[in-house]
Protein chains: 2
Amino acid sequence: MTVKERVRIGGRSARIQSAVHDAVRKLGALSTRNQITVPQIAAEAGVTPSTIYRRWGDLSALLADVAVARLRPIADPDDTGAVESDLRAFIEQYAEEMSSPVGQALMRDVLSALKEGLPSACAGFTCDHLTTLNARAKARGETPFDIDEVIDHVVAPIIYRALFSEQIPTPDYCNRLIDRIYPPARKRRTAV
Amino acid sequence: MTVKERVRIGGRSARIQSAVHDAVRKLGALSTRNQITVPQIAAEAGVTPSTIYRRWGDLSALLADVAVARLRPIADPDDTGAVESDLRAFIEQYAEEMSSPVGQALMRDVLSALKEGLPSACAGFTCDHLTTLNARAKARGETPFDIDEVIDHVVAPIIYRALFSEQIPTPDYCNRLIDRIYPPARKRRTAV
DNA sequence: AGCTTAATGCAAATATTTTGCGTTAAGAAT
DNA sequence: ATTCTTAACGCAAAATATTTGCATTAAGCT
């Protein structure tokens, strides 16, 4: 059994990682994906191109690494007081982000890299958020929603349209999807 | 107003297109996407690399061009005698194809190319098939299904899982999705 | 059959990627 | 705090990919 060598994560390695990621974000905002090259990123980050090739392998692996970092959540979804409104607020923001040009580009970067597990890791971020909303619901004594049902019938249609449709998912569209989980009959009653 | 120059589509142009597409398919079967290069494809097709760069622009545009050609349907879905079984048969085959390694690779090729309209064109192929099934239903005097509902709640979950999940959509899973369109109450009756 | 010109081949130039080897510094051990 | 091992990085050269100018081939119209 081979012993795993020690990977160095401090000092210079960390600085280079951060500089390269910042360079990718900056150049990504200024040009399209097929205009970005490793030598450009290296110059912007202040490293030599072979450093990038050695550490990441190729451009698509680097773009995916940065995309995963950007897609990884940094905070829990907003707490709106009830699980239904939590879900509606979360999904509306999620749809806005994922269907924006930046969101679409990040999803493409993740899917384009030939690295098994990346797309499912990103899907896991979404699943984690839904789990957080359900944990709150339970803490409030509310009935949690079916996470698989939300993924199949709310998240999947939104992502499918963000990637494959020329019409981006609107807030109305998202709320209509969620109406299948929370039918709006009570809303009609309170509207009278 | 500029006059569009005549594009030549016969003879040598057609042969080169066919040879290059065949070369991409052949090399795509033998290696992973990041191992394929334009010079390799050119050698396999018997053309010079600059021909490929001039005609397609870059490797990802070529891969997308070939992916679209492969995703474009060549026949109508099977006619099983009733719209529900037509849909079930179509979706089962669609899920099998799209979640296979080849299907996943083709979707990634289409999404990776920075060419607006390609992903939605491919989604259009699916929509066309659903329209065909509904035209048959109407011809039989049956009630057609809601195409948008099938796209959002059957197609989208399948494609989402094919791209983002480590578990591929199974026939059971697909049929459970379709059960939302055609609830299986009558099946329970005949099972007794 | 002749003509115009789009597409292609060829080769050179430019850019990117890969690789060997020396240098720097991360991090463990003392 | 110092020393030691060695992972990560820089540099430069080599290999490969991509781009471009120009000549040749042949598609398609008259």
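The following conversation explains how several descriptions of this predicted model are justified.

Guide: This is a predicted model in which local features need pLDDT of at least 70, side-chain atom pairs count only at pLDDT 80 or more, and totals for chains, interfaces and linings use all residues. Residues are numbered from 1 along each chain as its sequence is written, chains are lettered from A and ligands numbered from 1 in the order in which they are written, and side-chain values use heavy atoms, with hydrogens and water left out.

Visitor: What makes a residue count as near DNA strand C, and how many residues surround this strand?

Guide: A residue is near a strand if one of its heavy atoms lies within 4 Å of it. By that rule 27 residues surround DNA strand C, and the closest are A:Gly10, A:Tyr53, B:Arg8, B:Thr51 and B:Arg55. Of the atoms of DNA strand C that come within 4 Å of the protein, 67% belong to sugar and phosphate.

Visitor: Why is the pair formed by A:Arg8 and a base nitrogen of DNA strand C called a polar contact?

Guide: A polar contact is a pair of N or O atoms within 3.5 Å; within protein, one must be able to donate a hydrogen and the other to accept it, and residues adjacent in sequence count only if both atoms are side-chain atoms. An N or O atom in the side chain of A:Arg8 is 3.3 Å from a base nitrogen of DNA strand C, so the pair satisfies the limit of 3.5 Å. Phosphate oxygens of DNA strand C also take part: one is 3.1 Å from a polar backbone atom of A:Ile9, and one lies 3.3 Å from a polar side-chain atom of A:Thr37.

Visitor: Which element gives the largest share of the surface near DNA strand C?

Guide: That element is α3(B), with four residues. Helices are DSSP runs of H or I with at least four residues, strands are runs of E with at least two, and both are numbered from the N terminus.

Visitor: What surrounds DNA strand D?

Guide: DNA strand D is surrounded by 26 residues, the closest being A:Arg8, A:Thr51, A:Arg55, B:Gly10 and B:Tyr53. The side chain of A:Arg55 places an N or O atom 2.6 Å from a phosphate oxygen of DNA strand D, while a polar side-chain atom of B:Arg54 lies 3.2 Å from a base oxygen. The largest share of the surface near DNA strand D, four residues, comes from α3(A).

Visitor: How do you know that chains A and B are related as by a two-fold rotation axis?

Guide: Copies are superposed by least squares on the C-alpha atoms of residues with pLDDT of at least 70 in both. A rotation of 180° with 0.0 Å of shift along its axis superposes chain A on chain B, with an RMSD of 0.0 Å. The two copies are therefore related as by a two-fold rotation axis.

Visitor: How do you know that B:Cys174 is not bonded to another cysteine?

Guide: A disulfide is a pair of cysteine sulfur atoms within 2.5 Å. The closest cysteine sulfur to that of B:Cys174 is in B:Cys127, 18 Å away, which is too far for a bond. Over all chains, the count comes to zero disulfides. A:Cys122 is likewise in no disulfide, as the nearest cysteine sulfur, that of A:Cys127, is 13 Å away.

Visitor: Why is A:Cys122 called buried?

Guide: Buried means under 20% relative accessible area, exposed over 50%, and partly exposed in between, with a 1.4 Å probe and protein chains only. A:Cys122 has a relative accessible area of 9%, so this residue is buried. B:Cys174, with 2%, is buried by this rule too.
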